[in-house]
Amino acid sequence: MNFEFEYPEAYETQNILLYYDEPGQWTSVYNTDKSCYQKESVLRPENNQVINLTTRYSWSGCSKVERDSKNWLVCKGGRSFRSVRERWWFIAVSNCESNKGLSLNYKLHMTNSNEDDWQKEFSADEFYILQVDIGFFLLFVLLLAISSYVASLLRSRQLFHTTFKMYMTALAFECVYLLIKTIAFAIQKDTGMRYEAVLVLARVFQGISLVIFLLMLILMGKGYTITRGRLSHSGSVKITVFISFYSISFIVVFVNELFIRDPGEQLYLYENIAGYILISKRLLGWLWFCYAIFFTLKNYPEKNAFYYPFFIIYTCWFWLGPIIIFIAMTGIPLWMREKTVNGVEHLVDLIGFMIFLVLTRPTSANTNFPYHVRTSQIGVMLDTDVPSGASRECQSFSGHAYAPSTPLPPAYDEIMGATNETSFSDMFCVENSMTRQNGHTRSKQNGVSIDKFPHDKSTNKKNLYNKFLANGTGESVGNGHTK
């Protein structure tokens with residue numbers, strides 16, 4: 001520790017007190033009703049825990065100077081700390097004989113190692129965080145690049161659904177979080193200056209990423225873009241309320257970290273009520289996730305190829321966070337906690353993002369692929385010109401088995417505006433069947449029901465598409481009637 005203290009001579013003699021993290025030291029005096037002398041009495045002079053800022057104490061490096069016709073004491077020097085393990089040191093100022101308080105200007109520069117530039121400016125519990133964050137940032141950027149390529153494939157096949165867009169958005173925010181945090185730590189490595197507001201800003205992006213990813217998991221658990229094209233009004237309200245409360249809990253954590261949390265008492269984020277609120281919200285999200293998947297599988301058992309691994313994997317993902325925090329709070333020493341949890345949390349997040357990409361990879365070998373309805377098909381089903389009382393299969397899709405069958409008609413791409421032809425579309429078609437319901441004809445193709453109405457004479461894309469779905473071949477004969 002290198003120090004520089006200065007104060008008016010009229011406030012002499014002020015003392016610098018050095019406490020460490022033992023039960024009989026800092027915790028026994030901080031925020032207690034003990035007197036000034038009692039708080040000083042726990043220090044051990046033989047350990048050089050008291051620096052008397054006076055010229056009578058040679059080790060303090062003090063000298064008198066005159067400023068504005070007043071005498072000042074200017075003290076410059078340093079101290080080296082040695083212990084058998086990593087410790088926190090707490091610095092306080094005292095003058096038990098003063099009846100007018102304290103007045104002190106100070107400048108401190110504390111380092112952990114003069115040899116390793118990667119550790120010199122960091123606390124012992126933050127060793128290796130910068131290196132780990134750089135590594136994970138590169139991995140997340142690589143994952144974002146791969147997901148962008150997958151998104152281009154899904155878009156070309158008209159399977160680029162909202163849930164995958166949410167996944168990419170969450171992944172992008174995670175990359176921004178790691179970028180900002182890495183820059184802040186890099187600045188601290190070079191200058192020794194720590195910008196807490198920048199680190200909190202980074203955590204804001206992490207919180208946004210987590211909220212979006214959690215929302216995506218719940219929506220997919222409810223079958224959104226997989227077994228249904230839209231949510232019910234009550235379901236939308238419930239999800240909005242939950243996500244709002246989840247977001248508010250993050251705001252509470254950020255405000256607490258910036259303005260309320262006392263680092264003299266709490267050295268770890270989850271040592272207060274704000275951290276407990278985050279944990280409880282995550283577990284509440286898991287319960288809703290389970291509830292949604294249960295009823296989705298009950299109504300669509302043919303989707304178990306996707307939902308079984310989806311449920312097992314992301315149940316582990318939901319629980320790993322609280323389990324890691326519990327282990328950190330009870331089993332990891334305080335001086336190892338931050339760097340250990342940082343690496344494990346990044347690993348859990350990376351695995352969560354990677355597994356989703358694996359489950360949604362658009363290859364014919366992927367039997368877990370969740371999407372079987374094209375975005376253009378949903379658009380057709382959501383048209384507003386369907387007569388009142390007709391079945392509109394936009395809220396729930398019909399059942400679908402993952403097996404290639406009848407391909408889409410050759411003219412499908414031309415009518416629906418697609419330009420990319422690929423055999424991948426075979427995965428998402430099944431044999432059609434004709435049913436009669438409520439006095440009109442329904443054609444089932446690819447697990448999606450689209451109603452055809454004899455009185456609708458328009459020749460828009462929806463009607464043309466219905467013709468192709470009627471027989472699966474695209475053949476038509478006079479006056480718009482299908483073979």
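Select N31 to begin, which is found in the loop between α1 and α2 (36-41), where helices (H or I, at least four residues) and strands (E, at least two) are DSSP runs numbered from the N terminus. The phi of N31 is near 55 degrees, a positive value in a residue other than glycine. With a relative accessible area of 53%, N31 is exposed; the terms used here are buried for under 20% relative accessible area, exposed for over 50%, and partly exposed in between, with a 1.4 Å probe and protein chains only.

Before going further, note that this is a predicted model, in which local features need pLDDT of at least 70 and side-chain atom pairs count only at pLDDT 80 or more, while totals for chains, interfaces and linings use all residues. Residues are numbered from 1 along each chain as its sequence is written, and side-chain values use heavy atoms, with hydrogens and water left out.

**Two further backbone stops**

Move next to T225, in the loop between α5 (196-221) and α6 (233-260). T225 is not a glycine, yet its phi is positive, at about 70 degrees. Is T225 buried or exposed? At 4% relative accessibility, T225 counts as buried.

Then select E12 and T13, which are joined by a cis peptide bond with omega at about 0 degrees. T13 is found in the loop between β1 (2-8) and β2.

**The charged group around R85**

Now show the side chains of D21, E22, R85 and R87, which are linked in a network of salt bridges; a salt bridge is a side-chain nitrogen of Lys or Arg within 4 Å of a carboxyl oxygen of Asp or Glu. Side chains of opposite charge can pair when their charged atoms come close.

Start within this network at R85 and D21, whose closest N and O atoms are 3.4 Å apart in a salt bridge. R85 lies in the loop between β5 (70-78) and β6 (89-94), whereas D21 lies in the loop between β2 (14-20) and α1 (26-29), so the pair ties together parts that are 64 residues apart in sequence. R85 also meets E22 in a salt bridge, at 3.5 Å from N to O. Because E22 lies in the loop between β2 and α1 and R85 in the loop between β5 and β6, this pair ties together parts that are 63 residues apart in sequence. R85 counts as partly exposed at 21% relative accessibility, and E22 counts as partly exposed at 27%. A search of the whole structure finds 11 salt bridges.

**Along helix α4**

Select residues 162-191 to display helix α4, whose 30 residues should span 44 Å at 1.5 Å a residue; its end C-alpha atoms are 44 Å apart, which agrees. The expected span is taken as 1.5 Å times one less than the number of residues. In residues 162-191, look for K189 and D190, which form a salt bridge with the closest N and O atoms 3.4 Å apart. D190 is exposed, with a relative accessible area of 59%. After α4 comes G192, whose phi is positive, near 80 degrees.

**Rings in helix α8**

Which residues should be selected for α8? Helix α8 covers residues 304-331, and F306 and F310 both lie in it, 4 residues apart, about one turn of the helix. Their ring centres are 4.9 Å apart and their planes are at 25 degrees, so the pair is stacked; rings of Phe, Tyr and Trp (its six-membered ring) pair if their centres lie within 6.5 Å, with planes under 30 degrees apart counted as stacked, over 60 as edge-to-face and the rest as tilted. Both F306 and F310 are buried.

Also in α8 are Y314 and W317, 3 residues apart, about one turn of the helix. Y314 and W317 form an edge-to-face aromatic pair, 6.4 Å centre to centre with 65 degrees between the planes. Y314 counts as buried at 0% relative accessibility, and W317 is buried with a relative accessible area of 6%. A search of the whole structure finds 32 aromatic pairs.

Keep W317 in view and add R282, which lies over its face at 4.3 Å from the ring centre; a charge sits over a ring if NZ of Lys or CZ of Arg is within 6 Å of the ring centre and within 35 degrees of the ring normal. Elsewhere, R67 lies over the face of W72, at 5.5 Å from the ring centre.

**Last stop: confidence**

Finally, colour the model by pLDDT, the predictor's confidence in each residue, from 0 to 100. The mean pLDDT of the protein is 76, and 75% of its residues reach 70 or more. Over residues 379-395 the pLDDT is below 50, and beyond near neighbours in sequence this stretch has 42 contacts in the model, a contact meaning heavy atoms within 4.5 Å. Residues 398-483 also have pLDDT below 50, with 172 contacts in the model beyond near neighbours in sequence. Where pLDDT is low, the predicted coordinates should not be read in detail.
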